[in-house]
Structure formats: C-alpha cells, structure tokens
Amino acid sequence: RQEMQQHLNVTPKIVDVKDMGDAAFLVEMDGDLQLHAFAKGAVIVVSRNVNATPENLAQLEKFARAALSHLP
C-alpha cells in the first residue's frame, strides 16, 4: 500500500509521439514507461516497468507501430 501511495504522488512526464497512428503520447512515471497510441477507433497501451532509456523507448515504439499496422 505504501508503494502505491508513493507512486500516486509522482507527477508523470507526458510527451507527444509524432507520426504514430492518429495520436500518441508517452507517459513516464517513477520508472514506468507507457505508450498510448490511438488509431482507427482503437486504443493501444504498451506499458513497461523499465528505465526510460532510448533503447527501451525504441522497443515500446516498435511494438506499438507493429500493433497499429495490424488494425483493420
């Protein structure tokens, strides 16, 4: 419970991601990365509990782009 409370008290960093679906943004909060992508009426959320490194971000983007490419 204490860990959850500490997590809730952290202000997330939110950054727009260009050229992904209709819209996309990255949320970084307390070591967690989440990539939210919207396209064709669908929402894809990719979440990893990893450090915000360029390599980890690239992996999230690659996965989200692959998922978006399979939307009808």
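Trainee: Let's start at one end of the S2–S3 pairing: which residue of S3 stands opposite Met29?
Mentor: Keep in mind that we're looking at a predicted model. Met29 belongs to strand S2, and S2 pairs with S3 in the antiparallel sense over 7 bridges. The S3 residue standing opposite Met29 is Asp32.

Trainee: And Met29 itself, how much relative accessible area does it have?
Mentor: The cut-offs help here: under 20% would make a residue buried and over 50% exposed. Met29 falls in between and counts as partly exposed, because its relative accessible area is 23%.

Trainee: Which residue is 23 places from Met29 along the chain, with its C-alpha 9.3 Å away?
Mentor: Here we compare a sequence gap with a distance in space. The C-alpha of Met29 is separated by 9.3 Å from that of a residue 23 places along the chain. That residue is Ala52.

Trainee: Which residue in the turn between S2 and S3 has a positive phi?
Mentor: The two strands form a hairpin with 2 residues between them. S2 covers residues 23-29 and S3 covers 32-39, so the turn lies in between. The turn residue with a phi of about 55° is Asp30.

Trainee: What about the turn after S3, which residue has the positive phi there?
Mentor: S3 also pairs with S4 (residues 42-48), antiparallel and over 7 bridges. These two strands make a hairpin too, again with 2 residues between them. In that turn, a phi of about 50° belongs to Lys40.

Trainee: In what order do the strands sit in the sheet?
Mentor: There are 4 strands, paired antiparallel in an open sheet. At the edges are S1 (13-16) and S4, each pairing on one side only. Neighbouring strands are turned by 15° against each other on average, ignoring direction. Put together, the order reads S1-S2-S3-S4.

Trainee: Which helix lies across S2, S3 and S4?
Mentor: Look for the helix spanning residues 54-69. Relative to S3, that helix runs at about 25°. As for S3, 6 of its 8 residues are buried, so the strand is largely enclosed by the rest of the structure. The helix you're after is H2.

Trainee: His36 is in S3 as well; is it buried or exposed?
Mentor: Start with its surroundings: leaving out residues up to four places away in sequence, His36 touches Ala23, Ala24, Phe25, Val27, Ile44 and Val45. Its relative accessible area is 15%, and the cut-off for burial is under 20%. Therefore His36 is buried.

Trainee: With which side chain does the His36 side chain make a polar contact?
Mentor: This one is a side-chain to side-chain contact. The distance is 3.0 Å, and the partner is Gln34.

Trainee: How should I class the ring pair of Phe25 and Phe38: stacked, tilted or edge-to-face?
Mentor: It's the 1 aromatic pair counted here. The ring centres are 6.0 Å apart and the planes meet at 25°; under 30 degrees is the cut-off that matters. Phe25 lies in S2 and Phe38 in S3, so the pair ties together parts 13 residues apart in sequence. By plane angle, the pair is stacked.

Trainee: Which residue in S4 stands opposite Phe38?
Mentor: Phe38 has a neighbour on each flanking strand. On the S2 side, its bridge partner is Ala23. Phe38 is partly exposed, at 30% relative accessibility. On the S4 side, the residue opposite is Val43.

Key
Residues are numbered from 1 along each chain as its sequence is written. This is a predicted model: local features need pLDDT of at least 70, side-chain atom pairs count only at pLDDT 80 or more; totals for chains, interfaces and linings use all residues. Side-chain values use heavy atoms; hydrogens and water are left out. Rings of Phe, Tyr and Trp (its six-membered ring) pair if their centres lie within 6.5 Å; planes under 30 degrees apart count as stacked, over 60 as edge-to-face and the rest as tilted. Buried means under 20% relative accessible area, exposed over 50%, partly exposed in between (1.4 Å probe, protein chains only). Two strands pair if DSSP finds at least two bridges between them. A polar contact is a pair of N or O atoms within 3.5 Å; within protein, one must be able to donate a hydrogen and the other to accept it, and residues adjacent in sequence count only if both atoms are side-chain atoms. Contact means heavy atoms within 4.5 Å. Axes are lines fitted to C-alpha atoms, for helices over the stretch in contact, and angles run from 0 to 180 degrees between N-to-C directions.
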